[in-house]
Amino acid sequence: MYQIPVKRIISKEDLDDFLQSDAYNDYINFIIRLNDSVCDMKIDPNMDVSKNVATIIQILETLLQYVKEIPPVENSKSRFGNPAFRDFYDRVENNVDELMRPLVPEEAIKEVSRYFIESFGNRRRIDYGTGHEANFMAWLLCLEKLKVITPEDDKAVVLRVFVKYISLMRQLQFEYWLEPAGSHGVWGLDDYHFLPFMFGSSQLKNHKYIRPKSIHDTDVVQEFSKSYMYLACIRFINEVKTSASLRWHSPMLDDISACKTWIKVNQGMVKMYKAEVLGKLPIMQHFMFGSLIHFEGGTPQSEDHDGGDCGHVHTQDTYAMGQEYPECCGIPVPSAIAATAGKRSRPIPFD
């Protein structure tokens, strides 16, 4: 019944089939439900959680301990990803059965664990992007399908589990200098993440005082970043990219700050996630399908078939004339550099 998930999306046609599938509907409806569950809710580290949610949080704490035990190797001549990340990845992979066992039926571990292992970045390229973030959400969706978590856990899944996951990812990004996958970031949102902006804008939907333009107020960002994910992301960006203003290195966020309401921002984030993450072939070529997230379209790919150094297959129309690197990849860049690689002109889906 259970099976090791495999990649099935190679072509634009495969992606179009996926976007019409039950697997797509299951995933996006799960994301939207989580998004709606935290409307007007602060991050609360003392929130009551179910036994299984507490176990998930403890698993992530274990991984944070791994980071402490695996320091970055001396790599001062390079500003790219630190090879010690591979040791972290290997420890997660080698211990994943033990990590999953308190939550997942033995026979399902081989399927569920694949999503978990691929939630923290790519071992070979030492990079991280929204596809890895999507794997973490797919792992949570599998846990729901196995009845490990329920809709009653939604608030805690976002405000305790997902917040802990982001905390772990920030540690990995700082310690091992994970490169932004594809060098695009999410076109000006963040070099790595998307969902903290979606969930974070839901948290602020009806806030009396904090407005979208408040991201430019350093005092507001500092004071409320521990309560609201959106502001925590702004604080992270400000701390990492100190050489220029938000308007320069994150033009999309700057444009979004002109929205009058957080409701408009959140609606735009949902629309953008569908179009710019789930609707993008270079990201979704990495998405995996098994029995729990089931999709029969496309062509099953062997685990070692990942399209070379960039990690995905290039179709004939991927390259623009005269390009050395395809549009989907960009030129590889060190972490915290991608957002200033040049002005990017993309429509904001908030109108």
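Here is a short conversation between a visitor and a guide about the predicted model above.

Visitor: What should I know about this model and its numbering?
Guide: This is a predicted model in which local features need pLDDT of at least 70 and side-chain atom pairs count only at pLDDT 80 or more, while totals for chains, interfaces and linings use all residues. Side-chain values use heavy atoms, with hydrogens and water left out, and residues are numbered from 1 along each chain as its sequence is written.

Visitor: How many salt bridges does the structure hold?
Guide: Side chains of opposite charge can pair when their charged atoms come close. A salt bridge here is a side-chain nitrogen of Lys or Arg within 4 Å of a carboxyl oxygen of Asp or Glu. By that rule, the structure's salt bridges number 14.

Visitor: How many residues apart in sequence are the parts that Asp26 and Lys145 tie together?
Guide: Asp26 and Lys145 form a salt bridge whose closest N and O atoms are 2.9 Å apart. Asp26 belongs to helix H2 and Lys145 to helix H6; helices (H or I, at least four residues) and strands (E, at least two) are DSSP runs, numbered from the N terminus. The pair therefore ties together parts of the chain whose separation in sequence is 119 residues.

Visitor: Is Asp154, the salt-bridge partner of Arg33, buried or exposed?
Guide: The side chains of Arg33 and Asp154 meet at 2.7 Å, N to O. The pair links helix H2, home of Arg33, with helix H7 (residues 154-176), home of Asp154, 121 residues apart. Buried means under 20% relative accessible area, exposed over 50% and partly exposed in between (1.4 Å probe, protein chains only). Arg33, at 27%, is partly exposed, whereas Asp154, at 6%, is buried.

Visitor: Which residue is linked with Arg33 and Asp154 in a network of salt bridges?
Guide: Arg33 and Asp154 already share a salt bridge. The network that links them also takes in Glu144.

Visitor: Where does Arg123, the partner of Asp90, lie?
Guide: Asp90 and Arg123 form a salt bridge with closest N and O atoms 2.8 Å apart. Asp90 sits in helix H4 (residues 84-100), 33 residues away in sequence from its partner. Arg123 lies in the loop between helix H5 (109-117) and strand E2 (127-128).

Visitor: Which side chain of opposite charge is nearest to Glu133, and how far away is it?
Guide: Glu133 is found in helix H6 (residues 130-145). Lys and Arg count as positive and Asp and Glu as negative, with His and the chain ends not counted. Glu133 is buried yet has no salt bridge, and its nearest side chain of opposite charge is Arg170, at 7.9 Å.

Visitor: Which backbone nitrogen does the side chain of Glu133 reach?
Guide: Leaving aside neighbours within four places in sequence, Glu133 is in contact (heavy atoms within 4.5 Å) with several residues, including Tyr128, Phe162 and His193. Its side chain also reaches, at 3.3 Å, the backbone nitrogen of Phe194.

Visitor: At what angle do helix H2 and helix H8 cross?
Guide: The axes of H2 (residues 22-37) and H8 (residues 195-203) come within 7 Å. Among the residues making the contact are Ile31 and Leu34 of H2 and Met198 and Phe199 of H8. Axes are lines fitted to C-alpha atoms, for helices over the stretch in contact, with angles from 0 to 180 degrees between N-to-C directions. The two axes cross at roughly 40°.

Visitor: How far apart in space are Gly268 and Met198?
Guide: Gly268 lies in helix H13 (residues 262-276) and is buried at 2% relative accessibility. Gly268 and Met198 are 70 residues apart in sequence, while their C-alpha to C-alpha distance is 8.7 Å.

Methods: Polar contact = N/O pair within 3.5 Å; in protein donor to acceptor, adjacent residues only side chain to side chain.
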